[in-house]
Amino acid sequence: MLETKIINYLSHLGDSDYMAEVATSPDAIETLIKMLQNHDPDVVGYAGLFITDFVLSCSRNETCKISWETQLEPVIIPELERLVFVENHFIRRQVIYTLGKICSYESVPVLLQAFYEYRESDPILLPRLLGELFWLGVENRSDILASMVNSQYYTTRWAVINLLGEFMYNSASEQDATFSMKYNFSDKLRNDSHPLVQAEAEYEYQLLVLQNRKMQENMSKSDYKKQRKDLKKLEPYFCFSDVVNLFSYYMSTNNLFTYTMQELETFIDNKIQQL
């Protein structure tokens with residue numbers, strides 16, 4: 001059965017001949033679409049892994065390249081884009097990751113539409129969604145983040161800090177546009193009305209200040225390490241990345257595939273009380 005072969009690809013990672021054999025089978029498209037439409041996120045994940053590695057193998061396997069460009073791509077990409085808007089949070093996250101990793105640049109408008117739809121309804125999806133959008137080179141990153149900073153929900157504002165630290169790279173110079181953007185957003189959020197946002201933003205802000213000083217003042221490695229160690233005192237005990245991991249685990253273990261903002265905030269409040 002072809003679905004079993006796709007699932008068993010885990011035992012053949014990187015084997016382009018194995019992938020080519022599967023992808024050129026008569027019912028390959030039908031099977032992949034069926035797996036993507038499965039209500040089990042794990043099955044969708046198996047299909048996503050196969051698709052991702054298959055596309056990456058196209059650069060070194062002509063059979064894979066022809067199969068993807070002439071048969072699979074015209075059908076698979078639209079289906080992945082459609083699934084970005086399904087109700088199941090875990091399936092959304094999986095297909096967004098797949099679109100990003102196969103460098104589906106033409107999907108940027110769809111992912112951007114998803115951002116505005118989920119910005120204030122699924123904040124734990126935002127790091128994955130914007131991480132892939134940034135990877136695909138979306139324009140106006142500053143405007144996107146500013147729309148989050150101005151959100152009425154503190155969880156959406158809080159997600160900005162996670163994005164600044166994990167998905168945006170810079171040279172630690174004030175002349176670097178990305179550094180300036182990170183600095184300005186961190187500076188603004190350190191005065192946020194919610195203490196959890198304040199705490200993580202303050203830590204990110206002080207790290208940026210130290211990184212810039214290291215460059216500007218030609219700080220010695222030992223001095224930088226000492227000051228970096230001192231900054232650990234400001235490191236928040238509960239970060240947005242913790243929320244993403246803990247709440248995702250909570251949803252998974254309780255067979256929940258969607259949530260409300262109130263449920264997320266209640267979960268966070270309960271975790272804070274336990275710490």
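The expected span of a helix is 1.5 Å times one less than its number of residues. Keep that in mind for helix H12, which runs over residues 195-216 and has 22 residues. From its first C-alpha to its last, H12 reaches 31 Å, close to the 32 Å expected at 1.5 Å a residue. One caution before I go on: what you see above is a predicted model.

Let me stay with H12. Its buried residues are Leu196, Val197, Glu200, Ala201, Tyr203, Glu204, Tyr205, Leu207, Leu208, Leu210 and Asn212. When you read that list, remember that an α-helix has 3.6 residues a turn, so residues three or four places apart point the same way. Just after H12 comes Asn218, with a positive phi of about 55 degrees. I will return to positive phi values later.

Now the whole protein. How many helices and how many strands are there? The protein has 15 helices and zero strands. Its C-alpha trace spans about 60 × 45 × 30 Å along the principal axes. Of the 275 residues, 49% are buried. The accessible surface comes to about 13800 Å², and carbon and sulfur atoms account for 48% of that surface.

On charge, there are 25 positive side chains and 38 negative ones. The centres of these two sets lie 10 Å apart.

Contacts next. Take those between residues at least 6 apart in sequence: 66% of them join residues at least 24 apart.

On to the interior. In soluble globular proteins, nonpolar side chains tend to be buried together. Here the largest nonpolar core has 77 residues. Which of them touch the most other members? They are Trp68, Ile76, Ile124, Leu130, Leu145, Met148 and Trp158. Apart from that core lies another, of six residues, including Tyr203, Leu210, Tyr224 and Leu231. Tyr203 and Leu210 also appear among the buried residues of H12.

Met148 deserves a closer look. This residue is found in helix H9. Is Met148 buried or exposed? Met148 has a relative accessible area of 0%, so it counts as buried. Leaving aside neighbours within four places in sequence, Met148 is in contact with Phe115, Arg119, Leu126, Leu130, Thr156, Arg157, Ala159, Val160 and Leu163. Leu130 is also one of the core residues I named a moment ago. For a sense of distance, Met148 and Leu36 are 112 residues apart in sequence and 30 Å apart in space, C-alpha to C-alpha.

Lys182 is another buried residue, with a relative accessible area of 6%. Lys182 sits in helix H11, residues 177-189. Where it lies relative to Ser142 is worth a note: the two are 40 residues apart along the chain, and their C-alpha atoms are separated by 9.2 Å.

Two residues are partly exposed. Val75, in helix H5 (residues 62-83), has a relative accessible area of 34%, and because partly exposed means between 20% and 50%, it falls in that class. Once neighbours within four places in sequence are set aside, Val75 is in contact with Ile29 and Ile33. Val75 and Glu263 are 188 residues apart along the chain, with 36 Å between their C-alpha atoms.

The other is Gly14, in the loop between helix H1 (2-7) and helix H2 (16-23). Gly14 is partly exposed too, at 40% relative accessible area. Not counting residues up to four places away in sequence, Gly14 touches Tyr9, Met19, Asp53 and Arg60. Between Gly14 and Met181 there are 38 Å, C-alpha to C-alpha, and the pair is 167 residues apart in sequence.

Back to phi, as promised. Most residues other than glycine have a negative phi, and most peptide bonds are trans. Asn140 has a phi near 60 degrees, a positive value in a residue other than glycine. Where is Asn140 placed? Asn140 is in the loop between helix H8 (126-135) and helix H9 (141-149). With 53% relative accessibility, Asn140 counts as exposed.

Asn255 also takes a positive phi, of about 55 degrees, although it is not a glycine. Its loop runs between helix H14 (240-253) and helix H15 (261-274). Asn255 is exposed, with a relative accessible area of 59%.

To finish, look again at three places in the model: H12, with its 22 residues; Met148, buried at 0%; and Asn255, exposed in its loop.

Terms used. Residues are numbered from 1 along each chain as its sequence is written. This is a predicted model: local features need pLDDT of at least 70, side-chain atom pairs count only at pLDDT 80 or more; totals for chains, interfaces and linings use all residues. Side-chain values use heavy atoms; hydrogens and water are left out. Helices (H or I, at least four residues) and strands (E, at least two) are DSSP runs, numbered from the N terminus. Buried means under 20% relative accessible area, exposed over 50%, partly exposed in between (1.4 Å probe, protein chains only). Contact means heavy atoms within 4.5 Å. Accessible areas come from the Shrake-Rupley method with a 1.4 Å probe; for residues, only the protein chains shown count as cover. Lys and Arg count as positive and Asp and Glu as negative; His and the chain ends are not counted. The place of a charge is taken as NZ of Lys, CZ of Arg, CG of Asp or CD of Glu. A nonpolar core is a set of buried Ala, Val, Leu, Ile, Met, Phe, Trp, Tyr and Cys residues joined through side-chain atoms within 4.5 Å.
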